[in-house]
Amino acid sequence: MKTIGIMTSGGDSPGMNAAIRAVVKQAKAHGLQVIGINKGYKGLLEMDCAELSAASVEDLYRKGGTVLKTARFKDFKDPEVVAQGAENCKKLGIEGMVVIGGDGSFRGARDLTHAGIPCVGIPGTIDNDIVCTEDTIGFDSSMNIIIDCISKLRDTSETLDRCTVIEVMGAGAGWMALEGGIAAGADIILVPEVEFDFQKDVIDVIKAKKANGQNYFVIVIAECVFFPESNSKHKKNVNFKYVNELGIENVDKFTKKFQAESGVESRATVLGHIQRGGAPTFHDCVLATNMGVHAVELLNNNKSARVVVVKDGKITDFDIDEGLSMKKPFDKARLEMASKLNF
Ligand code: F6P
């Protein structure tokens, strides 16, 4: 193998650049040429790419976003488009590809591998919803942003004896809400995977806490509690019908109803894309570097259709097909632990 390609695909996440840097540097150590594809699979179709030198990636270790840019490109589900992608790789001399992204990006990597271009995936997503790995590049950085934002919101809530209702990201999964909510000591955490009752699990809980002398409150809601299951990006929301029937189908309506029924003055905050920005944490810089190095070792040893993963705290790799077919059960016990802890 003489030349590999690298792309970032789907939603960006802090640490993607550190992974690009590690891939390029490790590839250079093996004497490989690296072609950076801009804007993921869309860029591959458009042959939007350039060679990456070691010097060009030197400063990327803590840069947020991804210098290769990214795109969500649904057309890559079409076998003809995949075949064109493989053809373009051949034209560019690309004999192996590193794809940094989430499970949608790994589907593309699997298909491109089947079309003749050996691919290796690196999990880069703030959602931490990839089944075969314990960690993903960007999750820790995003969690740190969430805990920092919630601390700030706590200050103003406490000052004014208010409740702050915070919507966090997480595509089709409640992991960000769960872990961010636990870390920031949220009074209530609502996720798409576990049904809730507005009266019993929200209003009654806050009233009981108020009766116990608590004056300000934090509620964390995963954005996908308000999303339909039919939207392919948002896989499972057991609360969709319920929030619609109750007229609390977005965080503003939820907060207004909460204020009216609890008697606690309340404000809603949507953290939004701030959760994906900024420099990666120490943890994500190290994770991205280790994963980037491992990805190149796989390709250089003629292994493909693998995802670099963390298993039992160690970097290893996993079959991409198997990884994509697995389902990640939501950790209900941790949610229950959080609600008991916060009473
Ligand atoms: O998958 C990462 C993510 O940030 C999700 O948490 C969120 O639902 C989605 O991307 C937002 O996508 P976009 O930036 O395309 O609006």
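This is a short talk on some helices, one strand residue and a few salt bridges in the structure shown above. Please keep in mind throughout that we are looking at a predicted model.

I will begin with helix 1, which runs over residues 16-29. Its 14 residues should span 20 Å at 1.5 Å a residue, and the C-alpha atoms at its two ends are indeed 20 Å apart, so expectation and model agree. Of those 14 residues, 11 are buried, and helix 1 is therefore largely enclosed by the rest of the structure. The buried residues are M16, N17, A18, A19, I20, R21, A22, V23, V24, Q26 and A27, and what they pack against is a mixture of elements: strand 1, strand 2 (33-37), helix 3 (54-57), strand 4 (96-101), strand 5 (119-123) and helix 11. Just beyond the end of helix 1, G31 adopts a positive phi of about 75 degrees.

The packing of helix 1 on helix 11 can be described in more detail, since the two meet at an angle of about 35 degrees with their axes 7 Å apart, and their crossing is right-handed. On the helix 1 side the contact involves A18, A19, A22, V23, Q26 and A27, while helix 11 contributes C285, A288, T289, G292, V293, V296 and E297. As a general reminder, an α-helix has 3.6 residues a turn, so residues three or four places apart point the same way.

Strand 1, one of the elements packed against helix 1, covers residues 3-8 and includes T8. Is T8 buried or exposed? With a relative accessible area of 0%, T8 is buried, because the cut-off for that class is under 20%. If we set aside the neighbours within four places in sequence, T8 is in contact with M16, I20, K39, G40, T66, L68, K69, T70 and I100, and two of these, M16 and I20, are among the buried residues of helix 1. For L68, the C-alpha atom is 6.4 Å from that of T8, although 60 residues separate the pair in sequence.

Moving on to helix 6, residues 139-160, we have 22 residues reaching 31 Å from the first C-alpha to the last, which is close to the 32 Å expected at 1.5 Å a residue. Its buried residues are F139, S141, S142, M143, I145, I146, C149, I150, L153 and S157. Which elements do the buried residues of helix 6 pack against? They pack against strand 6 (163-168), helix 7 (175-183), strand 8 (217-222), strand 9 (266-270) and helix 11 (282-300), and helix 11 is also on the list for the buried residues of helix 1. After helix 6 comes D161, whose phi is positive, near 50 degrees.

Helix 7 in turn has a partner in helix 13 (residues 332-341), for the two axes come within 10 Å and cross at roughly 30 degrees, and that makes helix 7 roughly parallel to helix 13. The crossing is left-handed, and the contact is made by L178, E179 and I182 of helix 7 together with R334, L335, M337 and A338 of helix 13.

For helix 8 (residues 198-211) and helix 10 (residues 251-262), the axes again come within 10 Å, and here they cross at roughly 50 degrees, which makes helix 8 oblique to helix 10. Helix 8 passes helix 10 in a right-handed crossing, with F198, Q199, V202, I203, I206, K207 and K210 of helix 8 meeting F254, K257, F258, E261 and S262 of helix 10.

Let me finish with salt bridges, of which a search of the whole structure finds 18. One joins the side chains of R110 and D111 at 3.1 Å, N to O, and another joins R110 and D321 at 3.9 Å, N to O. Why might we look twice at the pair of R110 and D321? R110 lies in helix 5 (residues 103-114) and D321 in helix 12 (residues 320-325), so the pair ties together parts that are 211 residues apart in sequence. Both acidic partners are partly exposed, D111 with a relative accessible area of 22% and D321 at 31%.

A further salt bridge links D201 with K200, the closest N and O atoms being 3.3 Å apart; here D201 is partly exposed at 26% relative accessibility, whereas K200 is exposed at 54%. Finally, salt bridges that share partners join R21, K25 and E58 into one network, and R21, as we saw, is among the buried residues of helix 1.

Note on methods. Residues are numbered from 1 along each chain as its sequence is written. This is a predicted model: local features need pLDDT of at least 70, side-chain atom pairs count only at pLDDT 80 or more; totals for chains, interfaces and linings use all residues. Side-chain values use heavy atoms; hydrogens and water are left out. A salt bridge is a side-chain nitrogen of Lys or Arg within 4 Å of a carboxyl oxygen of Asp or Glu. Buried means under 20% relative accessible area, exposed over 50%, partly exposed in between (1.4 Å probe, protein chains only). Helices (H or I, at least four residues) and strands (E, at least two) are DSSP runs, numbered from the N terminus. The expected span of a helix is 1.5 Å times one less than its number of residues. Contact means heavy atoms within 4.5 Å. Axes are lines fitted to C-alpha atoms, for helices over the stretch in contact, and angles run from 0 to 180 degrees between N-to-C directions. Angles under 35 degrees count as roughly parallel, over 145 as roughly antiparallel, 65 to 115 as roughly perpendicular and the rest as oblique. A crossing is left-handed if the near helix is turned anticlockwise from the far one by less than a right angle, and right-handed if clockwise.
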